[in-house]
Amino acid sequence: MLDPSYFAAADGFIARYGKKSSSIIPVLEDIQEEYRYIPRELLTYVADQLGVKESKAYSIATFYKNFSFEPKGKYVIKVCDGTACHVRHSAPILAAIQKELGLDGSKHTSDDMLFTVETVSCLGACGLAPTLTVNDEVHPKMTPEKAIGLIQDLRGDEA
Amino acid sequence: MIKICDNAALDLRRADARKALESYECRILVCAGTGCIASGSQVIADTMRELCKELPNVTVECSGHVPHIGVAQTGCQGLCELGPLVRIEPWHYQYVKVKPEDCAEIVEQSVLQGKPVERLFYRDQKDQLCPKPEDIPFLAKQTRIVLEHCGNIDAVSLDEYIAVGGYEALSKALFQMDPDQVVDEIDRSGLRGRGGGGFKAGTKWKQVAAHKDADVKYVVCNGDEGDPGAFMDGSVMEGDPYKLIEGMTLAGYAVGATEGYIYVRAEYPNSVARLHYAIAQAEEAGLLGDDILGSGVSFHLHVNRGAGAFVCGEGSALTASIEGNRGMPRTKPPRTVDQGLWERPTVLNNVETYANVPDIVLKGSDWFHTIGTENSPGTKTFSVTGSIANTGLIEVPMGTTLREIVYDIGGGIKGGGNFKAVQIGGPSGGCLTKEHLDVGLDFDSVKKYDAIVGSGGLVVMDEHTCMVEVARFFMSFTQRESCGKCSPCRIGTKRMLEILERIVAGKGTMEDLDKLEEIAKFVQKNSLCGLGKSAPLPVISTLKRFREEYKEHITIKKCAAHVCEALKLYKIDQEKCIGCTKCARNCPVDAITGSVKKPHAILVNKCIKCGTCLSGCPVGAVHIE
C-alpha cells in the first residue's frame, strides 16, 4: 500500500494543471520527477481523478519514454547517443559506465539504487559532444575515463 | 512590474530601458546557453557578480528575477565548443574558455581599466588573435535575424528585449494594421516553415484566418526539436524567449486566435524554465494575456513539456499529445489548419519560424526578400557539429554554400582530416558529399540531392566515419521512435535495420542491397506520417553516394573507416614484434600463435576482435587493418 503522502502530492499536481483529461501528461511528468517513477496505484488514482480510463492512462504511461514503472536510481545518467555524440564516439562511454556499474542493455539500475543509466537521443549540447547528463546537469566532452571518474565522485559523495 | 497600458506607455518604457542599458559603464555578458552552462558558465557568472558587488564604481541595479550587477547571462553566443564565453562591453572583447580563476583578472584589467586580457582571446587557424566577435571568422560570416539578440542581451530580461526594439512589431500590428494585413505581410514575405518541410507559413495563416466562424482557434509552436544533432530552436527558446512569444502573439492577432501552446521537448529544462519566466513577465507587463497594450486583443500562452517521443514533432502527434493522448499521427486530411488542436483551426509552426515574424512585420516583406534566395527568402540557423573545427550555432542567409559553412565558418575538418560527407536534416535527411560543397543550401536545392534542410542539423563527417554504420545508426533511431501505428513504418524500419545490422556485422549479401532499396521505397511511399516517409532517406542517400562502401562491407568484409567492430582485422607487425608472448598469454580465445622471441601472428578465424592484444602490446606491434 502506497504511503498517503503520494496521493496528497498527486492531488497537488492535479490542482496545478486542472482536473481535466488533458492534464494527464503534465501530472505524470511531475510524479515521475518527484518520485523518479510512477507507482502503479498512483496511475490508477490519477486516471480516476482526471476522468481518464485506466487503460488509456496505462497506454500513455507506456508510450512516452520518460515514464517508468520501475523506480530509478538516485542519479539518472543519460548518455547522449545523438548523431553528433555518436560520431564523436559516445558508444564506448556508455559501455564503460555500464561495465563500471554492472549494468547492461536490459538492466538499467544498479542494485544499490544509486544509478540508473539510459541513453538519450540528443541533449542539445551537440557543440560539446560527446555529452551525458546526471539528473539534468550536462557534462561536456566526455571520455570513458572521465565518465568513470564522475561515477566514483558521485559514489564518494554518498560514502 | 508596472503594467504597460498603451502604446505611449510602451514608448516610455523603451526609453527608460534604453537609458538603463546605456547607463552601464561596463557590462559583462556571460553566455548561458545549454553548451556554456555545461562548460561551467554559471560559476563564471556567479563569480563575476560576487567580484563586481565589491566594486564602488560599477552600477548595481536590480530588476526583477535576474539581478543586474553589470553582469548579464545571455543566450547562446555561438561558439559552443570554446565555452564558457564571456563578452565585455563597451570594449567588445570576446573571451573564450574562461575559467573561474580568470574572473579576477578580467575584472581588474577589462572591467576597471578597459584593457584586454589577451590570453583569453580566440586564436584563429593562422594563430592570429581575435579580440572582438567580428574578428572571429565563425561569427563574422553570419547574418543574424533569429539569433540577433542571442549573446547581446540578458536572455530573460523583458526590459532589455524592449530596449533593443522588442514589441515594436506587435505595437505596429495592433495599432496600424488589421489582422488580414499581418497575414498578407507574412504571405508576401514568402517565409517558409523552418521545421523541416519548408511549407509556406503565409498559406497556413491564410487558411486559419479564413475560418471566420470558428468558436476558438489556436496558435501552436513546435519546440519538440527532436532531431539528434539539432539545437537551434532550443537556443532561441532559452536565449531570446520574448522573440518567440512576440512572434506567436502576432500570429494569434493575425489569424484571430486567443490561445497558444508551446510544446517543448523534455530534454530542454532550460528552455522550459525561461519560457515560463518570460511568459509571466510578459503577462505582468500587459504584453500578453487580456487586452494587450489596451488594444482589446487577447492572447494567452501555455507551455507543454514533451515526455520523450520523437514522433511528437509531427503536427498531428504533437496536438494529440497536448490533448493528453498518446502522440500518434493521424491520417490527413483534415489538415491541422482546418482541424488541429481539439479539432479547431490551428496554426502550427516551429520556433524559428515564429522568431522570424516580428522582424518581418516591423521591416516588411520586401526587406525579408533582400536576404536569401528567391524561393527561400531569409536566413536559416544551423547547428554545426561532428568532425568540424568549430562546432556551434550559426545563422546564414538561405543559399549559403556548404563550402562556406564547413570551411569559412566552421574552420574545416577537425584535426585537418578530409571531408567525407555532411548529414543534413537529421534522421529524416540525407548526406551531401564533396561534389555538393558548392550547392547553395535552400529548401529546394537540397531536395534535388535526396536530402532535406530539415530543422537544420549539420553533422560533418570525415574519413573516420563509416557511412553504412551511420545509416544503421539513423535507422535504429527511427525504428525505436516509430510509434507503431502504421505497418509500413513499424515493420519496414525494423526489417531495414536488421539488414543494416547484418551488413555492419559482415554478414550481408549483395541481395540485401536490393532488398534494402525495395523496402526503403515502399516505406517512403506508404507510411502514414513524415517520420516514416522520411526514415528511409539516410539509407537511400548513402546507398546512392557510398554504394562502394556497402559493397566492401559485403564482399571483402572491409570497413575502410575502421568503425565496424566485426570487420576489424587485427594484425601483428612482424618487424616490430619482439616475441614477448604477452599477447598470446592474454588472448581470451588462444587466437595468437608464436614462440618466445619470435614474431607472433593472429589467427583470423579465431580472433574475436576484443582488442586485448592491441592495448597490451609493449612495443605497439599490433594494429588494425
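Start by selecting B:D46, which counts as partly exposed because 15 C-beta neighbours lie inside 10 Å; here a residue is buried if 20 or more other C-beta atoms lie within 10 Å of its own, exposed if 12 or fewer, and partly exposed in between, with the C-beta atoms placed from the backbone. The model is predicted, with local features needing pLDDT of at least 70 and side-chain atom pairs counting only at pLDDT 80 or more, while totals for chains, interfaces and linings use all residues. Residues are numbered from 1 along each chain as its sequence is written, and chains are lettered from A and ligands numbered from 1 in the order in which they are written.

B:D46 is found in helix 3 (residues 41-53) of chain B; helices (H or I, at least four residues) and strands (E, at least two) are DSSP runs, numbered from the N terminus. If you add B:D159 to the selection, the two residues are 113 residues apart in sequence and 22 Å apart in space, C-alpha to C-alpha.

**A buried loop residue**

Move next to B:I153, in the loop between helix 5 (137-140) and helix 6 (158-163) of chain B. B:I153 is buried, with 24 other C-beta atoms within 10 Å. Leaving aside residues up to four places away in sequence, B:I153 touches B:A72, B:T74, B:E160, B:Y161 and B:V164, where two residues are in contact if their C-beta atoms, placed from the backbone, lie within 7 Å. A distance drawn from B:I153 to B:L10, 143 residues apart along the chain, gives a C-alpha separation of 19 Å.

**Helices 10, 11 and 12 of chain B**

Now select helix 11 (residues 241-255) of chain B, whose 15 residues reach 21 Å from first C-alpha to last, close to the 21 Å expected at 1.5 Å a residue; the expected span is 1.5 Å times one less than the number of residues. Helix 11 of chain B is largely enclosed by the rest of the structure, because 15 of its 15 residues are buried. Just after helix 11 of chain B comes B:G256, which takes a positive phi of about 80 degrees.

Two packed helices are described by the angle between their axes and the distance between the axes. Show helix 12 (residues 269-284) of chain B as well: its axis and that of helix 11 of chain B come within 9 Å and cross at roughly 60 degrees, the axes being lines fitted to C-alpha atoms, for helices over the stretch in contact, with angles from 0 to 180 degrees between N-to-C directions. That makes helix 11 of chain B oblique to helix 12 of chain B, since angles under 35 degrees count as roughly parallel, over 145 as roughly antiparallel, 65 to 115 as roughly perpendicular and the rest as oblique. The crossing of these two helices is right-handed; a crossing is left-handed if the near helix is turned anticlockwise from the far one by less than a right angle, and right-handed if clockwise. To display the contact, pick B:P241, B:Y242 and B:I245 in helix 11 of chain B, which meet B:R274, B:L275, B:A278, B:I279 and B:A282 in helix 12 of chain B. By class, this contact has seven nonpolar, no polar and one charged residues, where Ala, Val, Leu, Ile, Met, Phe, Trp, Tyr, Cys and Pro count as nonpolar, Asp, Glu, Lys and Arg as charged, and the others, Gly among them, as polar.

Keep helix 12 of chain B on screen and add helix 10 (residues 232-239) of chain B; their axes come within 8 Å and cross at roughly 35 degrees, in a left-handed crossing. The contact is made by B:G234, B:M237 and B:E238 of helix 10 of chain B with B:N270, B:S271, B:R274 and B:L275 of helix 12 of chain B, and its residues divide into two nonpolar, three polar and two charged.

**Helices 7 and 14 of chain B**

Another pair to select is helix 7 (residues 168-176) and helix 14 (residues 351-363) of chain B, whose axes come within 8 Å and cross at roughly 55 degrees. The crossing of helix 7 of chain B and helix 14 of chain B is left-handed.

**Chain A and its side towards chain B**

Turning to chain A, you will find seven helices and four strands. Finally, select the contact between the chains, where 34 residues of chain A are in contact with 39 residues of chain B. Helix 2 (24-35), helix 4 (54-63), helix 5 (83-87) and strand 4 (137-139) of chain A each supply at least two residues of the side that touches chain B.
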